[in-house]
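Please open the model in a viewer and keep a selection panel at hand. The tour proceeds from the whole chain to its core, its pockets and a set of loop residues.

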Amino acid sequence: GDRARARWPFLGNGPLVLVVGRLSAQKNQALAVNAFAHGAPPGARLVLAGAETDRGARDAVVSAARAE
């Protein structure tokens with residue numbers, strides 16, 4: 001967490017939840033975004049790490065984040 005915060009200061013000092021895996025419809029990261037938006041403690045940040053392997057998967061995750 002400390003190394004990530006040093007590189008990306010916007011992560012803040014709260015808890016970090018890291019989801020590592022390729023962005024794909026099969027892995028459904030949009031569901032993780034939705035669940036996080038409805039149940040994360042204040043100040044927590046969700047971090048997704050992985051390459052987009054399904055065209056449009058990134059757009060689906062971004063849309064889910066904007067909807068919340």
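How many helices and strands does the secondary structure of the chain come to? Colour the chain by secondary structure: there are 3 helices and 2 strands. The model is a predicted one. Followed along the sequence, the elements alternate in the pattern α-β-α-β-α.

**The whole chain**

Begin with every C-alpha atom selected. Along the principal axes, these atoms fill a box of roughly 30 × 25 × 15 Å. Switch next to a surface display. The accessible surface of the chain is about 5000 Å², and carbon and sulfur atoms account for 53% of that area. Of the 68 residues, 21% count as buried. A contact map adds a further view: among contacts with a separation of 6 or more, 68% join residues 24 or more positions apart.

**The nonpolar core**

Select Leu23, Ala30, Val33, Ala57, Val61 and Ala64. These 6 residues form the largest nonpolar core. Two elements, α2 (29-39) and α3 (57-67), each give two or more residues to this core. Which element gives the most to this core? That element is α3, with 3 residues.

Now centre the view on Leu23, a member of this core. Residues up to four places away in sequence aside, Leu23 touches Gln29, Gly50, Ala51, Glu52, Thr53, Asp54, Ala57, Arg58 and Val61. Among these partners, Ala57 and Val61 also belong to the core.

**The largest pocket**

Turn to the pockets, starting with the largest, which holds about 310 Å³ of space. Which residues lie nearest the centre of the largest pocket? Select Phe10, Leu11, Leu46, Val47 and Leu48, which have that position within a lining of 13 residues. The strands β1 (16-20) and β2 (45-49) are the elements that give two or more residues to the lining. The greatest contribution is that of β2, with 5 residues. Coloured by class, the lining shows 11 nonpolar residues, 1 polar and 1 charged.

**The second largest pocket**

The next selection is Leu23, Val33, Leu48, Gly50, Glu52, Arg58, Val61, Val62 and Ala65, the lining of the second largest pocket. The space here is about 150 Å³. With 4 residues, α3 provides the largest share of this lining. By class, the residues divide into 6 nonpolar, 1 polar and 2 charged. Two earlier selections recur at this site: Leu23, Val33 and Val61 from the core are part of this lining, and Leu48, listed for the centre of the largest pocket, lines the second largest one as well.

**The loop between β1 and α2**

Move to Ala25, in the loop between β1 and α2. Is Ala25 buried or exposed? Its relative accessible area is 63%, so Ala25 counts as exposed, the cut-off being over 50%. Beyond its neighbours within four places in sequence, Ala25 is in contact with Asp54 and Ala57. A distance drawn from the C-alpha atom of Ala25 to that of Ala64, 39 residues apart along the chain, reads 13 Å.

Lys27 is found in this loop between β1 and α2. At 46% relative accessibility, Lys27 counts as partly exposed. Apart from neighbours within four places in sequence, Lys27 has contacts with Gly21 and Arg22. The C-alpha atoms of Lys27 and Val62 lie 15 Å apart, with their positions 35 residues apart along the chain.

Select Asn28 as well, again in the loop between β1 and α2. Inspect its backbone torsions: phi is positive, about 55°, although Asn28 is not a glycine. The relative accessible area of Asn28 is 37%, which makes this residue partly exposed.

**The loop between β2 and α3**

The last stop is Thr53, in the loop between β2 and α3. Thr53 is partly exposed, with a relative accessible area of 45%. Which residues is Thr53 in contact with, leaving aside its neighbours within four places in sequence? Display Arg22, Leu23 and Ser24 to see these contacts. The C-alpha atoms of Thr53 and Ser24 are separated by 5.9 Å, although the two residues are 29 apart along the chain.

Technical notes:
Residues numbered from 1 in each chain as written. Predicted model: local features only at pLDDT ≥ 70, side-chain atom pairs only at ≥ 80, totals over all residues. Heavy atoms only, no water. Core = buried A, V, L, I, M, F, W, Y, C linked by side-chain atoms within 4.5 Å. Buried < 20%, exposed > 50% of the residue type's maximum accessible area, 1.4 Å probe, protein only. Contact = heavy atoms within 4.5 Å. 1 Å grid on protein atoms, 1.4 Å probe; cavity = no way out; pocket = protein on both sides within 12 Å on 5 of 7 lines; lining within 4 Å. Points joined across faces, edges and corners; volume = space filled by probe spheres on them. Nonpolar A, V, L, I, M, F, W, Y, C, P; charged D, E, K, R; others polar. Areas by Shrake-Rupley, 256 points an atom, 1.4 Å probe, with all protein chains shown as cover.
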